[in-house]
Amino acid sequence: MGTQALQGFLFLLFLPLLQPRGASAGSLHSPGLSECFQVNGADYRGHQNRTGPRGAGRPCLFWDQTQQHSYSSASDPQGRWGLGAHNFCRNPDGDVQPWCYVAETEEGIYWRYCDIPSCHMPGYLGCFVDSGAPPALSGPSGTSTKLTVQVCLRFCRMKGYQLAGVEAGYACFCGSESDLARGRLAPATDCDQICFGHPGQLCGGDGRLGVYEVSVGSCQGNWTAPQGVIYSPDFPDEYGPDRNCSWALGPPGAALELTFRLFELADPRDRLELRDAASGSLLRAFDGARPPPSGPLRLGTAALLLTFRSDARGHAQGFALTYRGLQDAAEDPEAPEGSAQTPAAPLDGANVSCSPRPRAPPAAIGARVFSTVTAVSVLLLLLLGLLRPLRRRSCLLAPGKGPPALGPSRGPRRSWAVWYRQPRGVALPCSPGDPQAEGSAAGYRPLSASSQSSLRSLISAL
């Protein structure tokens, strides 16, 4: 079986497992596809390791090999910024978007921004072309030397429009969904201008509009979509003092599931409460000293009222939470309780009646078993086919001198250089530049830089 035919067969075999279900993009009510809930992607923890999407752009350097720069895994021992023994894009310094270090060019460039399509907060609809005749958003507009994303959102909310667009760092435009229907998308990297009022936010570009739904950061709302996301007031800016906001949740279903993607309140006097909308009883309460759980929080109520209050000194990033309605209230919902901070303890010896989960029909189970067995068989055949050429090639790994790499910046370190030849290979415990290595390595040649980088990535992933 040829290599291309085998790859095509494997693709068709696993295609049903790869297809997304019920996914839609670009809306505040479809947060499932987003990997970021902050406007600058500071919370990105994905696995893109090149500066461009889908394998494009330049490869990123590993964060544990960048001790010569300001940010490395050694400077983030607690993992707060998401740095470590990997080369994934991150935003440790609160820049306008995730970035990574790259191999230094002749022009002295040693880092790049990462274009990550999945790292756009829900409510951001994309970068659009604005030719000016007619404007991309047809509503009122204005300019400000203190423009931020939320300043523009608030302006358009007050005007009664659905959409807000920021452009060139200082311009704000308002519009409706009909404007968006005739709009033309531009590459995400075209919206690259920093907001005049906030160095950590992007406000469109030259002839490019960054478009948002005005519900982002609103202080009140009535949410009835099956799923969605709610931001703290003034988001993505910090919330201000003396804020008193409320949101009503009533998605279809018998229960609710909340997941906090971001939670940063200034102090215990800034408080978020979750109440049953029908009875008004307090279900949960969180503040700057008592954060919510990291995983999903299930509540046995179909309608929820969220209230947020900040004191006279309140200033912090705030929160972002996703919600979805559950059709079955018995899906392990959290029981209402009088004390909002202490979960109810299970009762020892309590009689609990359980209903068995519906089982898949035998035909479906048989199809899954057949598919799994077939996939394993094909993979085994592929591995057996690769064994023969692999037996004729081996690698020479010799530690060579170079810049600090792999580990905290204490004492001398060595990186790995890779050599190979056919049909045999040996491993030498000395540097490639040493006379002993030079004599033994005669007839070998080093792998290309790209191959060495790929092998380092593979070794680091093991």
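Helices and strands are here DSSP runs, of at least four residues for a helix (H or I) and at least two for a strand (E), numbered from the N terminus. On that basis Thr148 is placed in the loop between β4 (141–143) and α2 (149–159). The model is predicted, and its protein chain holds six helices and 21 strands. This briefing takes the chain as a whole, then two residues of the loop between β4 and α2, and lastly a patch on the surface.

**The chain overall**

- Of the 462 residues in the protein chain, 40% are buried.
- Among the contacts in the protein chain that link residues at least 6 apart in sequence, 71% are between residues at least 24 apart.
- The protein chain exposes about 25600 Å², and carbon and sulfur atoms account for 56% of that area.

**Thr148, in the loop between β4 and α2**

- Thr148 has a relative accessible area of 5%, and is therefore classed as buried, since the class takes in values under 20%.
- The side chain of Thr148 takes part in a polar contact with the side chain of Asp237, at 2.8 Å, and a polar atom of the Thr148 side chain also lies 3.2 Å from the backbone nitrogen of Val151.
- When residues up to four places away in sequence are left out, Thr148 touches Cys195, Gly197, His198, Gln201, Cys203 and Asp237, so that Asp237 appears both in this set of contacts and as the polar partner of the Thr148 side chain.

**Ser144, in the same loop**

- Ser144 is likewise located in the loop between β4 and α2, but its relative accessibility of 26% means that Ser144 counts as partly exposed, because that class lies between the limits of 20% and 50%.
- The side chain of Ser144 reaches the backbone nitrogen of Lys146 at a distance of 3.0 Å.
- Not counting residues up to four places away in sequence, Ser144 touches Tyr170 and Phe196; Ser144 and Phe196 are 52 residues apart along the chain, while their C-alpha atoms are separated by 7.9 Å.

**A nonpolar patch on the surface**

- Tyr110, Trp111 and Tyr113 make a nonpolar surface patch of about 260 Å².
- Tyr113, one of the residues in that patch, lies in strand β2, which spans residues 111–113.
- With a relative accessible area of 33%, Tyr113 is partly exposed, and this value therefore also satisfies the requirement of over 30% that applies to residues in a patch.

Conventions
Residues are numbered from 1 along each chain as its sequence is written. This is a predicted model: local features need pLDDT of at least 70, side-chain atom pairs count only at pLDDT 80 or more; totals for chains, interfaces and linings use all residues. Side-chain values use heavy atoms; hydrogens and water are left out. Buried means under 20% relative accessible area, exposed over 50%, partly exposed in between (1.4 Å probe, protein chains only). A polar contact is a pair of N or O atoms within 3.5 Å; within protein, one must be able to donate a hydrogen and the other to accept it, and residues adjacent in sequence count only if both atoms are side-chain atoms. Contact means heavy atoms within 4.5 Å. Accessible areas come from the Shrake-Rupley method with a 1.4 Å probe; for residues, only the protein chains shown count as cover. Patches are made of residues with over 30% relative accessible area and no salt bridge: like charges are joined within 9 Å, nonpolar side chains (Val, Leu, Ile, Met, Phe, Trp, Tyr) within 5 Å. A salt bridge is a side-chain nitrogen of Lys or Arg within 4 Å of a carboxyl oxygen of Asp or Glu.
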